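The exercises below ask you to work from a model to the empty spaces and helices within it. Try each task before reading its solution.

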Amino acid sequence: MSIELLTLAMFITLITLIVMGLPLAYSLAGTAVIFGLIENGFNLDGLFGFFINNAWGTMNNFVLVAVPLFILMAQLLDRAKISDALFEALYVVMGGIKGGLGLAVIFVCVILAATTGIVGASVVSMALLAGPKLIEKGYNKQLAAGLICSGGTLGILIPPSIMLVVYGGLTGLKETSVGALFAAAILPGLLLAFLYMAYVFILCQVKPTYGPPISKEEASSYSGRQKLWMVLKSMIPPLVLIFAVLGTILGGIATPSEAAGVGVFGAAVLAVASGNFSWNVVFEACKATLKTTSMVMILVLFGNLFSASFLFMGGGDVITDLLIGGNLPPAMILFIMLFAIFLLGMFIDWVAILLVCLPVYMPICLQLGFNPLWFSMLICIVLQTSFLTPPFGYALFYFAGAVPAGQYRMMEIYKGVMPFIILQAIGVIICMVFPSIITYLPGVVYQ
């Protein structure tokens with residue numbers, strides 16, 4: 001069988017196993033074993049040794065040490081409920097304008113993204129905290145679902161992001177180190193948040209019934225000084241933690257793993273200060289961290305086996321020849337690669353997408369002369385849509401599971417996120433046209 005047919009058969013097999021309902025990690029590993037045996041003449045001992053060496057190299061990547069630490073930090077912060085006080089403060093400060101509560105949700109999601117970095121925690125927290133108030137104040141149901149889901153997904157892009165840690169560990173390039181990716185992701189993340197807020201604000205001005213303001217009595221129940229104090233009191237602690245984590249990384253004071261340790265300590269301090277700290281909280285946070293870390297690591301391990309088997313049989317060369325050998329313009333090749341990631345994001349997890357696509361895409365990026373950091377950040381922004389795109393966007397199911405049963409139909413949630421998916425596409429285009437949005441901060445920090 002030719003390499004081209006083997007490459008096609010490998011992807012068809014993977015997709016078939018996923019559609020059949022087999023867990024993603026086992027689908028990746030099973031496909032790797034099947035085609036690894038075909039390629040090496042069914043030499044089981046040789047394949048076993050090849051996989052052992054690959055697994056050792058993967059687990060010997062010290063960058064991945066930051067993953068469980070950042071997850072533990074997020075779990076502790078989630079239980080400290082730092083978002084509750086901040087949303088209550090912004091509720092009275094911004095609620096008096098049309099769409100103000102929606103703007104408050106996005107703002108709180110940005111803070112959550114920069115502290116927790118976990119989509120599930122952000123979406124569930126905001127669904128429980130803001131969802132009932134949005135409906136109570138008369139917000140359009142689809143708009144409420146869309147802004148909570150999309151705002152929650154900012155946690156996978158705005159640092160400290162688990163996705164960026166994994167990405168930096170996979171590439172091994174100096175240009176795409178975790179610190180460089182963190183610096184590069186800040187402005188694109190804020191750009192997406194701005195696009196979301198602009199859309200909500202404009203929509204609610206044009207259609208006031210979509211996001212009515214709170215009553216004048218409720219908005220004026222606090223003096224200006226009281227509102228300022230509420231905002232400062234609720235914002236300063238998480239901002240200090242953000243600067244402690246990101247500042248030490250971008251300032252070259254600490255590695256991502258060391259900064260994650262600082263973040264865990266800071267999260268514990270915030271939990272104690274909020275009065276929500278207990279040994280049960282520590283136990284539950286560690287338990288959730290163990291489960292999430294195990295899931296991420298097993299996907300990284302088996303995904304690397306898939307990538308190694310795919311590249312070993314020459315699949316990477318087939319894809320490269322197909323794209324570059326077709327004499328397509330570089331912009332068209334870039335579009336094809338990003339669109340393929342967008343389509344994959346509708347069905348499989350971002351970890352698997354990175355592990356399958358990155359070993360193929362990065363050589364093409366370098367061959368075409370793209371800036372690796374710029375190219376990498378475009379991939380990460382597109383990957384964020386994998387949490388929103390139907391039918392299997394995780395954020396949609398997090399939201400549906402957190403709201404009261406029967407309040408939303410899945411089709412309403414799907415419709416609610418569609419405008420925000422379009423906004424993300426606009427964000428990608430803006431970053432493509434103006435690459436300095438991605439490269440400016442890394443250039444300042446690491447010049």
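**Exercise 1. State the volume of the second largest pocket, and identify which helices line it and what classes of residue are found there.**

Solution. Keep in mind throughout that this is a predicted model. The second largest pocket holds about 510 Å³ of space. Its lining is made up of 20 residues, and the closest to its centre are Ile118, Val119, Gly120, Thr292 and Tyr398. Next, assign the lining to elements: helix 4 (66-80), helix 7 (119-129), helix 15 (279-312), helix 18 and helix 20 (394-402) each contribute at least two residues, and the largest share, four residues, is that of helix 7. Finally, sorting the lining by class gives 14 nonpolar, four polar and two charged residues.

**Exercise 2. Describe the largest pocket in the same way, giving its volume, its central residues, its helices and its classes of residue.**

Solution. Begin with the volume, which is about 600 Å³ for the largest pocket. Of its 23 lining residues, Phe11, Ile319, Ala340, Leu344 and Cys357 are the closest to the centre. Helix 1 (3-19), helix 16 (315-324), helix 17 (330-344) and helix 18 (350-368) each give at least two residues to this lining, and helix 1 provides the largest share, with eight residues. The classes come last: 22 of the lining residues are nonpolar, one is polar and none is charged.

**Exercise 3. Find how many cavities of 30 Å³ or more the whole structure contains, and determine what lines each of them.**

Solution. A probe the size of a water molecule, rolled over the atoms, shows where empty space is left. A search of the whole structure finds two cavities of 30 Å³ or more. The largest cavity contains about 60 Å³ of space, and among its 10 lining residues Leu77, Asp78, Ser83, Leu112 and Ser125 lie nearest the centre. Helix 4, helix 5 (82-94) and helix 7 each give two or more residues to that lining, the largest share being the three residues of helix 7. By class, the lining of the largest cavity has four nonpolar, four polar and two charged residues.

Turn now to the second largest cavity, which has about 30 Å³ of space. It is lined by Ile82, Ser83, Leu86, Val108, Ile111, Leu112, Ser234 and Pro238, and helix 5, helix 6 (100-115) and helix 13 (224-250) each supply at least two residues of this lining. Six of the lining residues are nonpolar and two are polar, with no charged residue.

**Exercise 4. Explain why helix 4 is described as largely enclosed, and check its length against expectation.**

Solution. First compare the lengths: at 1.5 Å a residue, the 15 residues of helix 4 should span 21 Å, and its end C-alpha atoms are 21 Å apart, so the two values agree. Then count the buried residues, which number 11 of the 15, so helix 4 is largely enclosed by the rest of the structure. Among those buried are Ala66, Phe70, Ile71, Leu72, Gln75 and Leu77. Just after helix 4, lysine 81 adopts a positive phi of about 55°.

A contact with helix 15 completes the picture, because threonine 289, which is found in helix 15, has a relative accessible area of 8% and is therefore buried. Not counting residues up to four places away in sequence, threonine 289 touches Pro68, Ile71, Leu72 and Gln75.

**Exercise 5. Determine whether valine 356 is buried or exposed, and list what it touches.**

Solution. Valine 356 lies in helix 18. Its relative accessibility is 7%, and valine 356 therefore counts as buried. Leaving aside residues up to four places away in sequence, valine 356 touches Phe11, Leu28, Phe306 and Ser307.

**Exercise 6. Compare the expected and actual span of helix 21, and locate its bend.**

Solution. At 1.5 Å a residue, the 24 residues of helix 21 (residues 410-433) should span 34 Å, and the 35 Å between its end C-alpha atoms agrees with this. Helix 21 nevertheless bends by about 30° at methionine 418, and proline 419 follows within four residues. Its buried residues include Tyr414, Val417, Phe420, Ile421, Gln424 and Cys431, and what covers the buried residues of helix 21 includes helix 9 (141-153), helix 11 (178-206) and helix 22 (436-445).

Key. Residues numbered from 1 in each chain as written. Predicted model: local features only at pLDDT ≥ 70, side-chain atom pairs only at ≥ 80, totals over all residues. Heavy atoms only, no water. 1 Å grid on protein atoms, 1.4 Å probe; cavity = no way out; pocket = protein on both sides within 12 Å on 5 of 7 lines; lining within 4 Å. Points joined across faces, edges and corners; volume = space filled by probe spheres on them. Nonpolar A, V, L, I, M, F, W, Y, C, P; charged D, E, K, R; others polar. Expected span 1.5 Å × (residues − 1). Bend = angle between axes of the 7 residues up to and from the residue. Buried < 20%, exposed > 50% of the residue type's maximum accessible area, 1.4 Å probe, protein only. Contact = heavy atoms within 4.5 Å.
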